[in-house]
Amino acid sequence: MAYYRRMGDIPGKRHTMFRKPDGTLYREQVMGTKGFSGIQSILYHHHPPTAVGKAELHAAFDIEFEEQGALRHRHLLTGDCTDTGDAVAGRRYMLGNEDLLIAVANVDRPMDYFYRNGDGDELLFVHEGEGAVETMFGTLRYRPGDYIVIPIGTIYRVIPEPERGRTKLLAVETNSWITTPKRYRNSHGQLLEHSPFCERDFRGPEKLETYAELGEFEVRTKSRGYIHLHMFNHHPFDVVGWDGYLYPWIFNIADFEPITGRIHMPPPIHQTFEGNNFVICSFVPRLYDYHPEGIPAPYFHSNVDSDEVLYYVRGNFMSRKGVKEGSITLHPSGIPHGPHPGKIEDSIGKKETTELAVMIDTFRPLRVVKQALAYEDSQYMYSWCADSQEASRTV
Ligand SMILES: [Fe+2]
């Protein structure tokens, strides 16, 4: 995160004595990135964060990818996935590479354990549902459209509220950090006037609840290709206060202010986040291009060096036929893609779009996870042929 926050009680000076009412010391933890040169926070615990009574391997974290086939566009109808579970174990992985994994999850139950990702930041996009993400930094409430950014090493659990509708998540697990795009920020880290969002749009933890109790608490840690089980001898949410720049935060996609123009604007204007070898963009309802001769639909284009993933949230996506809510399309580097037949003509004269979608562009090739093939529309690659069929009929 790019700005300072503090919650709860902290001493006036870092690395000084900070005592509990009984006179004993709180335990100070510096939690930072990039070897003390990245962003960090300082947390004050009732108990040492190292007090673990048992450590064991829980399970291998194996993602089985499909065998290499012909280079082609892919369409996964993840809305057809009826599997349910909690917000971590319930993830169904769809795509991945060395830099990130993309999963969906139909969340119908709270996590009965705590979890932290020791490999990188996570981003949870809330397609549907409301609930809470409880973390060592405090609790964040989520609602539809929220991007929840959870920094590496943050212990958390997700508690959905089924009475407010089912929770459906798109999860991006990375091996790096998720930040706002650097070009939106000045040298002090403040978001600039041309940024499509600003600090007021971000929500940090709302409430810091402190649990000083002892007992047995299961924390699962994803790291190095395995899920590890660490049995804490105290509640992991025992923090009385913290301050710094590292903490979980939320940005709602409805707060993304679209950038529009007289003629078609390129995808980078939709950019919302970036990480190592990937960007995440938001396609939100917006007015179309206003040049009198303008074509609102995108042109055909080649991603010379990036794969492009779209997750369709809501609305009628202007350039695609056959996609549904929850559809994921993958347009790989190396071959061009673009609007479906008829969609260019359909877009002419249209004033606005209600589409809502999340795009993830990766700069290394993605692979399809084997279990995702159950949701694949295998004819998607050939869905642009209508143009040439029509052409052959008219010639
Ligand atoms: Fe594209």
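This is a short dialogue on reading a predicted model.

Reader: Where do I start with the metal? Which residues coordinate the iron ion?

Author: Look for the atoms that hold the ion. Here the iron ion is coordinated by His-301 (NE2), by Glu-308 through two OE entries, and by His-337 (NE2). The distances are 2.0 to 2.4 Å.

Reader: Why is the arrangement around the iron ion called irregular?

Author: Check the angles. The four donor atoms subtend angles of 55 to 170 degrees, so the arrangement is irregular. A tetrahedral set would need all angles between 85 and 135 degrees.

Reader: What spacing do the donors follow along the chain?

Author: The pattern is H-x6-E-x28-H. His-301 sits in strand S23 (residues 301-302), and His-337 sits in strand S26 (residues 336-337). They are 36 residues apart, and the pair links distant parts of the chain.

Reader: Are His-301 and His-337 buried or exposed?

Author: His-301 is buried, and His-337 is buried too.

Reader: Now the strands. How do strands of a sheet pair?

Author: They pair through backbone hydrogen bonds, in a parallel or an antiparallel way. Take strand S24 (residues 307-314) as a case. Seven bridges join S24 to strand S28 (residues 356-362), and the two run antiparallel. Four bridges join S24 to strand S25 (residues 327-331), again antiparallel.

Reader: Which residues stand opposite each other there?

Author: Leu-310 stands opposite Met-359 in S28. Glu-308 stands opposite His-331 in S25. Recall that Glu-308 also coordinates the iron ion.

Reader: How many residues of S24 are buried?

Author: Seven of its eight residues are buried, so S24 is mostly covered.

Reader: What is the strand order in the open sheet of eight strands?

Author: Read it from one edge to the other. The order is S15-S19-S12-S9-S14-S7-S6-S29, with antiparallel pairing. The edge strands are S15 (202-203) and S29 (367-368), and each pairs on one side only. Inside the order, S9 (residues 122-128) and S12 (residues 146-150) pair over four bridges. Leu-124 has Ile-148 in S12 as its bridge partner.

Reader: Next, the spaces. What lines the second largest pocket?

Author: Ask for volume, then for lining. About 390 Å³ of space lies in this pocket. It is lined by 28 residues. Nearest its centre lie Pro-267, Phe-283, His-301, Glu-308 and Met-359. Two of these names, His-301 and Glu-308, also belong to the iron site.

Reader: Which elements give two or more residues to that lining?

Author: They are strand S21 (278-283), S24 and S28. S21 gives the most, with three residues. By class, the lining has 15 nonpolar, eight polar and five charged residues.

Reader: How many cavities of 30 Å³ or more does the structure hold?

Author: One. The largest cavity has a volume of about 90 Å³. Its lining has 13 residues, and the closest to its centre are His-264, Met-265, His-270, Arg-286 and Asp-289. The lining divides into seven nonpolar, four polar and two charged residues.

Reader: Last, the backbone. What sign does phi have in most residues other than glycine?

Author: It is negative in most of them. Look at His-15 here: its phi is positive, near 60 degrees. His-15 lies in the loop between strand S1 (5-8) and strand S2 (27-32). It counts as partly exposed because its relative accessibility is 49%. Lys-34 also has a positive phi, of about 55 degrees. Lys-34 is in the loop between S2 and strand S3 (40-45).

Note on methods
Residues numbered from 1 in each chain as written. Predicted model: local features only at pLDDT ≥ 70, side-chain atom pairs only at ≥ 80, totals over all residues. Heavy atoms only, no water. Donors = N, O, S within 2.8 Å, 3.2 Å for Na, K, Ca; no water. Tetrahedral: all angles 85-135°; square planar, octahedral: opposite > 155°, others 65-115°. Buried < 20%, exposed > 50% of the residue type's maximum accessible area, 1.4 Å probe, protein only. Pairing = 2+ DSSP bridges. 1 Å grid on protein atoms, 1.4 Å probe; cavity = no way out; pocket = protein on both sides within 12 Å on 5 of 7 lines; lining within 4 Å. Points joined across faces, edges and corners; volume = space filled by probe spheres on them. Nonpolar A, V, L, I, M, F, W, Y, C, P; charged D, E, K, R; others polar.
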